[in-house]
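This report looks at how helices pack against one another and how charged side chains pair in a single protein model. Please keep the sequence and the structure in view while reading.

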Amino acid sequence: MKNLPLKDLEPGMIIAKPIFTSRGQLVMEEDTVLTSELISRLSFYSIYNATIKDSGNTETELSDGNENSQAQDNSAQEANNTQTSTLTSNTYYSHKVKSQPEFMEYQIAYNKEIQSIKDIFDTVIKNPEAPIDFHQILDEFSALIASCRTTVALFDKIHNMRQDDDSVYAHCLNVALISRMMGKWLKLDDNERDILTLCGLFHDIGKTSIPDEVLNKPEKYTDGEFALIQQHPLFSYKLLKFQPIDERIKKAALQHHERWDGSGYPQKISGDSIDDFAAIVAIADVYDATTAARSYRPPLCPFQAISMFEKDGLQKYHPKYILTFLNRIATTYQHNRILLSNGQSANIVMINSNHLTRPMIQMDDGSVIDMLDNSDLEITKII
């Protein structure tokens, strides 16, 4: 085995393990045979050395090289004047994520956590006044989130755990994961992030009181069914009301469907009347719901979800929290490969901070397009 700098890599060498950028994006799969174009691709992503297989095909560790995001930006700008290669495979990004060895480990831990959440919910439903061991819950949760090395790795795993019939428990776990990440972005301390995590985990416990045939109905709700659905925050609050827990967990359960402009439910409160943690969970809740597949529609990709927030939601959510969230999500997928609405693929070169869904992109022929100048183009998928 040999760990070689980029300048010493040669066509014909075989990569020992999948290569990822510092943001967790898969650049090259294991057993890829290097070509001149693929070596150029490593340079594009600021990956400056790699361990290759020797004649015995021994697998060894691989280094990402420069981790500095500024270096990535500089590399991307330099690449504007050069042609980069296309991916050697048309396999979608989700397949690449699922093919990673760590994904299977995450999947096992994720499904165990869902079962734990179900058991906890059942305990609370049977006896709302019985104390819950929140320390155990947080320990199990921390082990799950620690398995994700980067922000993009976390969101990729969440997106690729999707099923058309995602349960309430899976949704609550996802909202907790996203909420905790938001707590990190907002620089909350460890205790605050623990509380925010529990806000996400328990926010929809009241949905267990709604019959499955209503909750999972693919057709449009009747007025009576919709009125019942709108009661679930109250059901959640009542189940948690007597628990000896931080009041913000109870408020998140009650208020996560309230909106900054007063258009939410069940109390129709607005602005600062909404608890901060409830406002954060509200954003995580909507993002998870829109990027999940449903029997009646495919999932939205992250940029489609951002577009939805930009068009309809900025006035509905706490300004500080929604802007932090959208900027972070968009930046997470900078330098990723995308599919456009015209069927072409490209790489995201630079996020436009004023129009997050209209980044600068580099096409497969090396040309660079500013999506601000191409209003007919939309990002439809991460690939």
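Two residues are taken to be in contact when heavy atoms lie within 4.5 Å. The model is predicted, and what follows should be read with that in mind.

**Helix α11 against helix α12**

With this meaning of contact, Pro233, Leu234, Ser236, Tyr237 and Leu240 in α11 meet Ile249, Lys250, Ala253 and Leu254 in α12. The residues that make up this contact divide into seven nonpolar, one polar and one charged. The axes of helix α11 (residues 232-240) and helix α12 (residues 247-255) come within 7 Å and cross at roughly 160 degrees, which makes α11 roughly antiparallel to α12.

Within α12, the residues Ile249, Lys250, Ala252, Ala253, Leu254 and Gln255 are buried, and the buried residues of this helix pack against α8, α11 and α13 (276-290).

**Helix α7 against helix α15**

A second pair of helices has another geometry: helix α7 (residues 168-185) and helix α15 (residues 319-332) pack at an angle of about 100 degrees, with their axes 11 Å apart, and α7 is therefore roughly perpendicular to α15. On the α7 side, Ile178, Met182 and Trp185 take part, and they meet Tyr321, Thr324, Phe325, Arg328 and Ile329 in α15. The residues of this contact divide into six nonpolar, one polar and one charged.

**Salt bridges**

Side chains of opposite charge can pair when their charged atoms come close. Where a side-chain nitrogen of Lys or Arg within 4 Å of a carboxyl oxygen of Asp or Glu is counted as a salt bridge, the count comes to 11 salt bridges. The table gives some of them.

| Pair | N to O distance |
|---|---|
| Aspartate 122 and lysine 118 | 3.1 Å |
| Glutamate 192 and arginine 248 | 3.0 Å |
| Arginine 248 and aspartate 246 | 3.0 Å |

What separates the partners along the chain in the pair of aspartate 122 and lysine 118? Both lie in helix α4 (residues 101-126), four residues apart, which is about one turn of the helix. Aspartate 122 counts as partly exposed at 25% relative accessibility, and lysine 118 is partly exposed as well, with a relative accessible area of 32%.

The side chains of glutamate 192 and arginine 248 also meet in a salt bridge. Because glutamate 192 lies in helix α8 and arginine 248 in helix α12, this pair ties together parts that are 56 residues apart in sequence. Glu192, Asp246 and Arg248 are linked in a network of salt bridges. In that network, arginine 248 is partly exposed, with a relative accessible area of 22%, and aspartate 246 is partly exposed at 27% relative accessibility. Aspartate 246 has a further contact with arginine 248, in that a side-chain oxygen of the aspartate reaches, at the start of α12, to within 2.8 Å of the backbone nitrogen of arginine 248.

**Arginine 193 in helix α8**

Is arginine 193 buried or exposed? Arginine 193, found in helix α8 (residues 190-202), has a relative accessible area of 19%, and since buried means under 20%, this arginine is buried. The side chain of arginine 193 reaches the backbone oxygen of leucine 188 at 3.3 Å. Leaving aside residues up to four places away in sequence, arginine 193 touches Arg180, Gly183, Lys184 and Leu188.

Terms used. Residues numbered from 1 in each chain as written. Predicted model: local features only at pLDDT ≥ 70, side-chain atom pairs only at ≥ 80, totals over all residues. Heavy atoms only, no water. Helix = DSSP H or I, 4+ residues; strand = E, 2+ residues; numbered from the N terminus. Buried < 20%, exposed > 50% of the residue type's maximum accessible area, 1.4 Å probe, protein only. Polar contact = N/O pair within 3.5 Å; in protein donor to acceptor, adjacent residues only side chain to side chain. Axes fitted to C-alpha atoms, helices over the stretch in contact; angles between N-to-C directions. Parallel < 35°, antiparallel > 145°, perpendicular 65-115°, else oblique. Nonpolar A, V, L, I, M, F, W, Y, C, P; charged D, E, K, R; others polar.
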